[in-house]
Amino acid sequence: MATGLGRRVGAHNLRRLSSLRVVGAAAAAVLVASTLVACGSDTGTAGNGGGSGTITLSMQNANVEKSDPATFQIVQAFKKKYPDIKVNLVGQPVEQHEQQMTIAAQSHTLPDVFWVYNSLAQTMVKNGNLLDLTSILSGGQLTAKFPPSMLAGYRSGSTQYGVPYQALVTGLYYNKKILAKYNLALPTTFDELVQVAKALHSHGVTTISQGANQSSFSVWAFLTMLDRFGWEQKQAGLLDGSVSYNNDDFKRLYGHIEELAKAGAFPSNMTTQNYQQAVDAFTSGKAAMLDSGVWAAGTIQDSSVGTDVGFWPGPTFSDGVGEQKLVMNAPSAPLVVSADVKKNKKKLDAVTKFLQFYYSDAGQQILVDNAQTPVTTYKPTGAAAQKPVFASVLAALSAPGWTSPQAQPDLVVSAEASNAMYESIYGVMQGVLSPAKALKMVAPTIKPA
Amino acid sequence: MVWLSRRWQLLLMLAPALLVFSVYLVYPVVYSVFYSFSDYNGVSKPKYVGATNYRAMTHDDVFWSSLRNTMVVLGVALVLLIPLAFLLAVLLSGPIKGAGALRALIFAPAIVAPILVGLIWVFILDPHIGLVNGFLSSLGFAGPQWIGGTSLTPLSVGLVYVWQTLGFVLTIFYAGLKMLPRDVMEASALDGASRWQQLRYVTVPMLQETFGICTVLVITGAFKVFELVYVLTGGGPVHLSDVLVSYMYYVTFRLQNYGYGMALAVVICLLGVVVSLAYLSFLRRRRRA
């Protein structure tokens, strides 16, 4: 190309070049606009075109076997039990996955069963893209196996459009060795946490490992804190517009986050590091705590700090609202089924068998074997439940006097509002937003339905 | 010999290219413009909302800060990239030992995927674990937040963009230099022109078209910067380092607001075209003068 350009320059064919340049400039510029559509040119999903005994399961991890071994093993066990049913397991990173599901919904090429954020699932169910799972669940006597809160969030009118993929158990992992090294006890209240942060900061140790780059959603422990400031009591009002996110209770919480940031609790590079790097910082012993969830228990267990880690649901607040002894154990994003599945009886039968296996005791035990808590009422057994990190998560869930909210706050609002919530929390942590500005940023994004 | 110069024959031969061009360029642009006038979430039926998305843009603080950041990247690229690439091309077109190897070395970043370029520079510029601040700290200085802070990120993105694109622009200049007629250079040398005078009064005027092409490429390239920001900071903190395309991506795919995202895409496209055309018109006026 360069040689061609050089030749043209040598020829001094100015007029021709000018018009060529205009066309070239315009073509290069329109490429910007075409980026969006090009992104959607290939959904990467198998759609519904496979044999009727084949089901496609599309997940939010590029490498399901490595990143989500529980799902991978459930699929393997299912295939062993039903050798005549083929499961095509595909996956891509979460953002790409959401894009592809959106585009697949437009072109009616949704995979048979797929993971999706609840906000997008709600749009899809309104658009008639999703199958009502009520008969599948009641047919296999599965409905009774779920705690009511696990299904309630995925119901639209009388339509049960989703089932929780896994339980969302979140909180702070802590490194006992680091706390002991500086003669610090595990905090229970927020004031104690601030003291711990100040002490660790004076020794150059990060208190809570966080990573915002491409993972601004990684503020789970702080979303539970919203519940400790009355989110659940306010939820109906927030969603119908009668209560503003910019209220005195949440203002106090955001003030506390600012206090924690000023105490030096967070890493200085949390803007540039992503969630995985935050996990790495914790598992390599460079941070005393990690904001994460039960999905990280296996990784932490296998790391060099695995024997020294415990799980803490987070601090209680003397100026909080309502119940303070809250541990987040809510349904995560749902598994949903394409409405097109019902057009093919054999496929519908295969999907029914798959979901009934996934939520059977055998399926839930596979979750437990991979350090995931069950989403049904199944009581876990086996060696995996005894591993220290996972056992500490289970212990937190069954601690006397501790209860769980119905849902994680970000999962009951729109994508716009949940993103604004994440950014407002990170903005205060990073010191670029004051609590007042952060609340003002979120308030207008929560719109009445 | 058979001459295929009839109009229908020409059209027939152009058809495959026109078809590809229409499918991959014209259709997406028309699609973007159409949806930019709608309230569309990517799944439900789009609802026509007139110019609402464009009006919303005028009140959108993040759009304006993204535009400002894009202009900073463009400014850094224009001020540094064009002169640096030209001077290096002049230097490397002379009889220097190892010039070929140096050219290959400078060109290397242009063939590295932008995502990888971003990853490499995270490890150089990160305020906590980066090489630059590590070096400054070993000298007893506290390094600034090159990326991830509230002010320096667009400048850093501009510098990384210069590093990434330098080899490509240099190659265009190098090709232009090699195509300059030798007799003109020899005549100027015989007339007693110094190296500087040759450069100033012969080489630069004769490469005017090459300068034009490179500048347009840099302008359109700066309006398309995405991966660098995406990897370096993800647009954070709180969108302070977003450029136009990274903000468009966020609006479209994270917020599922396709209508507004498409409006942003159309505006980015128009900005690229307008700035490029304004520059070309400036060049044309100067040439006539």
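**Exercise 1. Find the strands that pair with E7(A), and say in which sense they run.**

Step 1. Start with strand E9 (residues 287-293) of chain A: E7(A) pairs with E9(A) in the antiparallel sense over five bridges. Two strands count as a pair if DSSP finds at least two bridges between them. Strands (E, at least two residues) and helices (H or I, at least four) are DSSP runs, numbered from the N terminus. Within this pair, Tyr174(A) stands opposite Met289(A).

Step 2. Next, look at strand E10 (residues 309-312) of chain A, which is antiparallel to E7(A) and shares four bridges with E7(A). Here Phe311(A) is the bridge partner of Tyr173(A).

Step 3. Strand E11 (residues 328-331) of chain A is also joined to E7(A) by four bridges, and the two run antiparallel. Leu168(A) faces Ala330(A) in E11(A).

Step 4. Now check how covered E7(A) (residues 167-175) is: nine of its nine residues are buried. A residue is buried if 20 or more other C-beta atoms lie within 10 Å of its own, exposed if 12 or fewer, and partly exposed in between, with C-beta atoms placed from the backbone.

A word on the model before you go on. This is a predicted model, in which local features need pLDDT of at least 70, side-chain atom pairs count only at pLDDT 80 or more, and totals for chains, interfaces and linings use all residues. Residues are numbered from 1 along each chain as its sequence is written, while chains are lettered from A and ligands numbered from 1 in the order in which they are written.

**Exercise 2. Identify the bridge partners of Leu57(A) in E2(A) and in E3(A).**

Step 1. Strand E1 (residues 54-59) of chain A pairs with strand E2 (residues 86-91) in the parallel sense, over six bridges. In E2(A), Leu57(A) is matched with Leu89(A).

Step 2. E1(A) also pairs in the parallel sense with strand E3 (residues 113-115) of chain A, over two bridges. There, Val113(A) stands opposite Leu57(A).

Step 3. As for cover, five of the six residues of E1(A) are buried.

**Exercise 3. Work out where the buried residues of helix H5(B) lie around its axis.**

Step 1. Helix H5 (residues 114-125) of chain B has 12 residues; at 1.5 Å a residue, counting one less than the number of residues, the helix should span 16 Å, and its end C-alpha atoms are 16 Å apart, which agrees.

Step 2. The buried residues of H5(B) are Val117(B), Gly118(B), Trp121(B), Val122(B) and Leu125(B). They fall within an arc of 145 degrees, so they line one face of the helix. The arc is that of the directions from the helix axis to the C-beta atoms.

Step 3. Turn to the other side of H5(B), and you meet Leu116(B) and Phe123(B), which are exposed.

Step 4. What covers the buried residues includes helix H6 (131-138), H7 and helix H11 (227-232) of chain B.

**Exercise 4. Locate the residues with the most contacts inside the largest nonpolar core.**

Step 1. A nonpolar core is a set of buried Ala, Val, Leu, Ile, Met, Phe, Trp, Tyr and Cys residues joined through C-beta atoms within 7 Å. The largest one has 200 residues, and Val169(B), Phe173(B), Val225(B) and Leu264(B) have the most contacts inside it. Helix H7 (residues 153-178) of chain B gives the most to this core, with 13 residues.

Step 2. Follow Val225(B): leaving out residues up to four places away in sequence, Val225(B) touches Val73(B), Val157(B), Tyr161(B), Val243(B) and Val245(B). Residues are in contact if their C-beta atoms, placed from the backbone, lie within 7 Å.

**Exercise 5. Look for unusual backbone angles, and decide whether each residue with a positive phi is buried or exposed.**

Step 1. Recall that most residues other than glycine have a negative phi, and most peptide bonds are trans.

Step 2. Asn183(A) has a positive phi of about 55 degrees. This residue sits in the loop between helix H9 (176-181) and helix H10 (190-202) of chain A, and is exposed, with 7 other C-beta atoms within 10 Å.

Step 3. Val238(B) has a phi near 45 degrees, also a positive value. Its place is the loop between H11 and H12 of chain B, where Val238(B) is buried, with 25 other C-beta atoms within 10 Å.

Step 4. Pro237(B) lies in the loop between H11 and helix H12 (244-254) of chain B. The peptide bond from Gly236(B) to Pro237(B) is cis, with omega near -5 degrees.

How values were computed
Contact = placed C-beta atoms within 7 Å.
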